[in-house]
Structure formats: structure tokens, C-alpha cells
Amino acid sequence: MAERPMVHKADKRIMNAPLTHSSEIVKFLLRRRSHLSIMMEPPGPSAQQIETLLTVASRVPDHKKKVPWRFIVYSKETRQRLGKDLHTLLIGLGSPKDEPKKQVEIEKFQNSPLVIGVLSCPKTDCDVPVWEQELVSGAVCMNLLVAASGLGFAAQWLTGWFVHEDASAKALGANEGERFAGFIHMGQAASVPSERPRPNISSLVQYV
């Protein structure tokens, strides 16, 4: 397994800088919008930007610092192979062999310039509940999504049928006891996405 990338000196300076109040952060989060992976174009993040993205993604609340997650950065060649493998596995599950469905599966991991998989890897030899550890991987996905947007890339967090099937999850790189929290697709926005309906906050809040 490849070693995790080191943080660049520039990133360390940013992390050590004093935090100041900025309404720009809130404005950015209020405007953040996912982009469809099928509407992304090259180029994707550079190697240095990927290191920054993974560093930001890893700065999450983590009870007892168990680090119950890991990343898979898929190369272009691997993603081309995965599409064909997923289609073959889907046929084995009894899905129709129609050509449109085949193309969807083959292109699923090729639409965007970069795909990073986030795996939930809960530790069973500790007293931190598995549910808490699984929540951490979700926070990692969200950090990765926001960081990509912050660097100016279009990004989308996706899952799919293949994360719930043992054979396909294994083909995508999951080990025993691991589950994919999602795949973050990144690239350049081919168009500006329209705003979608958002929840009515008042219906979701209880003050006690």
C-alpha cells in the first residue's frame, strides 16, 4: 500500500497561521454546489493539489484518533478497467445486458478527470463505537468535497450499487471489513449548475 503523501511546507504555514474571523467562509459554504460528474472537463487537480486535498480531508473530528478511513486515488488506466469490470459484475447480478446500461457502467469512473475513493475502516479492537467511526468517514468525504470546491474545482460525492456488493467493492479496492463511504469526482465545471431546492430549516429544528 502506498504511503500517505507528506504535507507541503506551504500547507504547514497555512495550518499554523492564526485563525481570523471571515464571513467569506460562510458565504462560500452558502454558495457551495455539487457539479454532475458527467459535466466535468480536464484538467483535474495536480499531484500537489491532491496532497493538499487529502490533507484537508483528514482534518476531521476523530474520537481517540483512530483514523478509521483511507483513500484510493484512481489512475486513468485503472478507471478505464473498472468500468468494464463493473459492467461484467452487474451482468452477473442479473441486470439486463442492454447497450445503454453497458455504456453507463463503463463510463461511470471516466466522466471526471479525477476520482478519489474514501473507505470507512472502523477499528474493532477499541472502545470507540463503530457508528462513530463510520461517521468520521462521512466527514472526510465532506471535507474533501469542500476542499475541492475551495481550490476551484467542480466536485461531486457519489456512491452507487457497487459499494453495497462485496464483489464490486473488492474490485474497487475495499479490504475485508471496509466499506466505501463514497467517491469524490473532481474536474473543471463544463457549465454552472442551477440551485436546487433546499430543506426548510424551521421544520428540522427543535429548540428545547
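1. Salt bridges come up a lot below, so here is the cut-off: a side-chain nitrogen of Lys or Arg within 4 Å of a carboxyl oxygen of Asp or Glu. By that rule, Asp 127 and Lys 64 are bridged through their side chains, with 2.8 Å from N to O. This pair connects distant parts of the chain, 63 residues apart: Asp 127 sits in the loop between strand S3 (114-120) and helix H6 (130-150), and Lys 64 in the loop between helix H3 (47-57) and strand S2 (69-74). Asp 127 is exposed at 56% relative accessible area, while Lys 64 is partly exposed at 44%. (Buried is under 20% relative accessible area, exposed is over 50%, and partly exposed is in between, using a 1.4 Å probe and protein chains only.)

2. Before going on, some ground rules. This is a predicted model, where local features need pLDDT of at least 70 and side-chain atom pairs count only at pLDDT 80 or more, while totals for chains, interfaces and linings use all residues. Numbering starts from 1 along each chain as its sequence is written, and side-chain values use heavy atoms, with hydrogens and water left out.

3. On the overall fold: the protein chain has seven helices and five strands, in the order α-α-β-α-β-α-α-β-α-β-α-β from the N terminus on. Both kinds of element are DSSP runs numbered from the N terminus, helices being H or I with at least four residues and strands E with at least two. Of the 208 residues, 34% are buried. Take the contacts (heavy atoms within 4.5 Å) with a separation of 6 or more: 81% of them are between residues 24 or more positions apart.

4. Back to the charged pairs, since the whole structure has five salt bridges. Glu 178 and Arg 70 make one of them, at 2.9 Å from N to O. Because Glu 178 is in the loop between H7 and S5 and Arg 70 is in strand S2, the pair ties together parts 108 residues apart in sequence. Both residues are buried, so look there if you care about charges away from the surface.

5. The Lys 27 and Glu 24 bridge is a local affair, with the closest N and O atoms 3.5 Å apart. These two are three residues apart in helix H2 (residues 23-31), so about one helical turn separates them. Lys 27 is partly exposed at 40% relative accessible area, and Glu 24 is also partly exposed, at 45%.

6. For a buried spot, try Ser 168 in helix H7 (residues 166-171). Its relative accessible area is 1%, so Ser 168 counts as buried. Leaving out residues up to four places away in sequence, Ser 168 touches Leu 86, Leu 89, Trp 161 and Phe 162.

7. Now the surface. The chain exposes about 13,100 Å², with carbon and sulfur atoms supplying 57% of it; areas come from the Shrake-Rupley method with a 1.4 Å probe, and for residues only the protein chains shown count as cover. Ile 201, Leu 204, Val 205 and Tyr 207 form a nonpolar surface patch with about 490 Å² of accessible area together. Patch members have over 30% relative accessible area and no salt bridge; nonpolar side chains (Val, Leu, Ile, Met, Phe, Trp, Tyr) are joined within 5 Å, like charges within 9 Å.

8. Ile 201 belongs to the segment after strand S5 (179-189) and is exposed at 54% relative accessibility. Ser 202 lies in the segment after S5 too, exposed at 59%.
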